[in-house]
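Trainee: I have a sequence and a structure to look at, and I would like to learn how to read them together. Could you guide me through it?

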Amino acid sequence: MTYCKRGLEGFLYTEDGTLLRGCGFGAKGIRYGEVVFTTAMNGYPESLTDPSYRGQILVITHPLVGNYGVPTPQVENGILKNFESERLQIEGLVVTEETDPYKWNSSRSLHQWLEEGGVPGVSNVDTRMIVKRVRSLGSMMGVISSGVEVEDPRSYILSKYDEIDFTQFTSPKSPIVHHNQGDLLVVVDCGIKHGILEEIYKRGFTVVRLPCKSSADQIMDYSPKGVVFSNGPGNPNLLTGLAKTFLDVKEYGIPILGICLGHQIATVALGGKVKKMKFGHRAINKPVKDLSDGRCYISTHNHGYGVFKEDIPPETQVWFVNPDDGVVEGLLHRKLPIITTQFHPEARPGPMDTTWVFDKFKRMVNKNA
Ligand SMILES: NC(=O)CC[C@H](N)C(=O)O
């Protein structure tokens, strides 16, 4: 039996019937969710607070997690500088080894952070084995437990990830305004990463964040110079109201930027298709190739759904593609000022190679103004 330093046993159960026993850490408890993995080697404070991970149990493949601890939140103009949202978003965390921090600006350990945030963690399991299974069988539901023993873990899976609209938990209930000197942009906020907010705000825009369920009329009441459809959790095909809003906003001819979920919503709204991928892209070193000039960038991804070449909407062209598997990573509209990326141009934690996408969007807004 493994010695468990937090005095808790833990397990991860996956839908295929696999039960992996290890140590518990973080909060004592049991949760279910879709089991997904990231190959990012750093940036766990960003990943764990990324609202797009809502409803998911995250497996980190890097063997040591927690070395640099958890920073104290820094906020400027209502925007978090070092976290992607105000809370932990994941359902549970699985790592090979969970370590205590050794860094000057760490305010607490990963274990303490998860404990305070009510999120269970499991360590001392073979994360490579989990990844191999998810890669061969596809994404599946699972149950994570820290310090709770149960007879039948499967009975804790109460719903399918793909059938729940998680944006109801991550979208603000009322407008949030970040005042600035420049033109006003509306962000349709389905759970926006603060890294995206920061990149937009940094370019001088006043940012009005509206709930994901806002109508085009509610958006246009602010007379925005452009609209951003944000990232967000869950199945884009469930969000038919949001696709309708996208189509209605498009009629005004103002520049639109769609990021991740926003890219998927644009695809569906404009007549293309978004499908569930076998196990998705989650990493901070994924290549994306800009087909307009052939340049390749290293980028941050977090998506389980994707657009394939044969499914792009009419009147659009592929902007970026992932050269590894051909998944469409960005679209350009042929006639209207609409651009989208499936990857995260704000990166967070990095690399910042593609933040120029926000400069391009700013030029589109200026040209239109
Ligand atoms: N980061 C995102 O916006 C994710 C979009 C969508 N929920 C997916 O998993 O594909």
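Mentor: What follows is a walk from the overall fold to some individual residues, and please keep in mind throughout that this is a predicted model.

Trainee: Let me begin with the whole chain: how many helices and strands does the chain have?

Mentor: A fold is usually approached through its secondary structure elements, and in this chain there are 9 helices and 23 strands. For the overall extent, the C-alpha trace spans about 65 × 45 × 35 Å along its principal axes.

Trainee: What does the radius of gyration say about the chain?

Mentor: The idea is to set the value beside what a compact globule would have; for 369 residues that would be near 21 Å, and the chain has 20 Å, which agrees. Two further values complete this view: 59% of the 369 residues count as buried, and the accessible surface comes to about 14,900 Å², with 50% of it belonging to carbon and sulfur atoms.

Trainee: And how should I read contacts between residues that are apart in sequence?

Mentor: One takes the contacts with a separation of 6 or more and asks what share joins residues 24 or more positions apart, which in this chain is 71%. A single pair illustrates such a separation, since Val-95 and Val-59 are 36 residues apart in sequence, while their C-alpha atoms are 6.1 Å apart in space.

Trainee: Where is Val-95 found, and is Val-95 buried or exposed?

Mentor: Val-95 sits in the loop between β9 (92–94) and β10 (97–98), and because its relative accessibility is 0%, under the 20% cut-off, Val-95 counts as buried. Beyond its sequence neighbours up to four places away, Val-95 touches several residues, including Phe-25, Ile-60, Val-65 and Val-122.

Trainee: Phe-25 is one of the residues that Val-95 touches; which side chain has a polar atom 3.2 Å from the backbone oxygen of Phe-25?

Mentor: That is the side chain of Ser-146, a residue of strand β13, which covers residues 140–146. Ser-146 is itself buried, with a relative accessible area of 0%, and among its contacts outside the four neighbouring places in sequence are Leu-8, Glu-9, Phe-25 and Pro-120.

Trainee: Now to annotated positions: which residues does UniProt give for "active site"?

Mentor: An annotation comes from a record, so it is worth saying where it stands: the unreviewed UniProt entry places "active site" at Cys-260, His-344 and Glu-346. These positions are spread over 87 residues of sequence, yet they cluster in space, with a largest C-alpha distance of 11.2 Å. From this set, Cys-260 is part of the lining of the largest cavity.

Trainee: How would I describe the surroundings of His-344 and Glu-346?

Mentor: Begin with the element, then accessibility, then contacts. His-344 lies in the loop between β23 (338–341) and α9 (356–368), and Glu-346 is also placed in the loop between β23 and α9. His-344 counts as buried because its relative accessibility is 1%, and Glu-346 counts as buried at 0%. Leaving out residues up to four places away in sequence, His-344 touches, among others, Lys-193, Ile-196, Cys-260 and Asn-302, whereas the list for Glu-346 includes Lys-193, Ile-196, Glu-199 and Phe-358.

Trainee: What kind of contact do the side chains of Glu-346 and His-344 make?

Mentor: They make a polar contact, with a distance of 2.8 Å.

Trainee: Which residues does UniProt list for "binding site"?

Mentor: The unreviewed entry lists Ser-52, Gly-232, Gly-234, Leu-261, Gln-264, Asn-302, Gly-304 and Tyr-305. Although they are spread over 254 residues of sequence, they cluster in space, the largest C-alpha distance being 13.1 Å. The lining of the largest cavity takes in each of these listed residues, from Ser-52 to Tyr-305.

Trainee: Could we look at Gly-234 and Leu-261 in the way we looked at the others?

Mentor: Gly-234 is in the loop between β17 (226–229) and α7 (240–250), while Leu-261 belongs to helix α8, residues 261–269. With a relative accessibility of 7%, Gly-234 counts as buried, and Leu-261, at 1%, is buried too. Outside the four neighbouring places in sequence, Gly-234 is in contact with Tyr-161, Phe-166, Leu-261 and Tyr-305, and the contacts of Leu-261 include Cys-190, Asn-231, Gly-232 and Gly-234.

Conventions
Residues are numbered from 1 along each chain as its sequence is written. This is a predicted model: local features need pLDDT of at least 70, side-chain atom pairs count only at pLDDT 80 or more; totals for chains, interfaces and linings use all residues. Side-chain values use heavy atoms; hydrogens and water are left out. On a 1 Å grid over the protein atoms alone, a cavity is a set of points where a 1.4 Å probe fits but cannot get out, and a pocket is an open set with protein on both sides within 12 Å along at least five of seven lines; lining residues have an atom within 4 Å of a point. Helices (H or I, at least four residues) and strands (E, at least two) are DSSP runs, numbered from the N terminus. Buried means under 20% relative accessible area, exposed over 50%, partly exposed in between (1.4 Å probe, protein chains only). Contact means heavy atoms within 4.5 Å. A polar contact is a pair of N or O atoms within 3.5 Å; within protein, one must be able to donate a hydrogen and the other to accept it, and residues adjacent in sequence count only if both atoms are side-chain atoms. The radius of gyration is taken over C-alpha atoms; the globule rule is 2.2 Å times the number of residues to the power 0.38. Accessible areas come from the Shrake-Rupley method with a 1.4 Å probe; for residues, only the protein chains shown count as cover.
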